[in-house]
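Biologist: Could you take me through one part of this model in detail? I would like to hear how the helices pack against each other, and what lies around them.

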Amino acid sequence: MSLTLRPDVCATDTADGMVLLDEITGRYWQLNHTAALVLRGLVDGAEPPDVARALCEAYPRITAERADADTASITRALIEARLVVSA
C-alpha cells in the first residue's frame, strides 16, 4: 500500500512530530512522533508490516501487536481525513 500526500496537503516537521495543512480547507492536523513515523514510512513506499517493525525499533517497549494496530489505526485515520491518496 503505497500512499502519498494529496497535492494540496503540506507537511512540516516539528519538535513534536509533524503538522499537516489542507490548503483547500485551511484545516491543520498535528501528528505525534508515532503518527509522523507511520506517515513517513507509508509515503516512502514501505508496507504497513515494515512500518510496524520500524515502530518497534523506535519504541522498544511496544509489542509487535500494538505496533500493527497503531499502524493500521493511523493509516485509516489519514485516509478517512483525506490527507493521503494511493500513489
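Modeller: Happy to; here is a walk through the helix packing, then two single residues.

This is a predicted model, in which local features need pLDDT of at least 70 and side-chain atom pairs count only at pLDDT 80 or more, while totals for chains, interfaces and linings use all residues. Residues are numbered from 1 along each chain as its sequence is written, and side-chain values use heavy atoms, with hydrogens and water left out.

Confidence comes first: pLDDT is the predictor's confidence in each residue, from 0 to 100. The protein chain has a mean pLDDT of 96, with 100% of its residues at 70 or more. Strand β5 (residues 84–86) has the lowest confidence, a mean of 94, and strand β3 (residues 17–22) the highest, at 98. Helices (H or I, at least four residues) and strands (E, at least two) are DSSP runs, numbered from the N terminus.

Two packed helices are described by the angle between their axes and the distance between the axes. Axes are lines fitted to C-alpha atoms, for helices over the stretch in contact, and angles run from 0 to 180 degrees between N-to-C directions. Helix α2 (residues 48–58) packs on helix α3 (residues 64–80) at about 125°, the axes being 8 Å apart. That angle makes α2 oblique to α3, oblique being whatever is left after under 35 degrees (roughly parallel), over 145 (roughly antiparallel) and 65 to 115 (roughly perpendicular). From α2, the contact (heavy atoms within 4.5 Å) uses Pro48, Val51, Ala52, Leu55 and Cys56, and from α3 it uses Ala64, Ala67, Asp68, Asp70 and Thr71.

Helix α1 (residues 33–43) also packs on α3, at an angle of about 75° and with axes 10 Å apart. α1 and α3 are therefore roughly perpendicular to each other. Here Thr34, Ala35, Val38, Leu39 and Leu42 of α1 meet Thr71, Ile74, Thr75 and Leu78 of α3.

Now for the single residues. Ala58 belongs to α2 and, at 40% relative accessibility, is partly exposed, the class between buried (under 20% relative accessible area) and exposed (over 50%), with a 1.4 Å probe and protein chains only. Ala58 is 24 residues from Thr34 in sequence, and their C-alpha atoms are 8.9 Å apart in space. Arg82 sits in the loop between α3 and β5 and is exposed, with a relative accessible area of 62%. The phi of Arg82 is near 60°, a positive value in a residue other than glycine. Most residues other than glycine have a negative phi.
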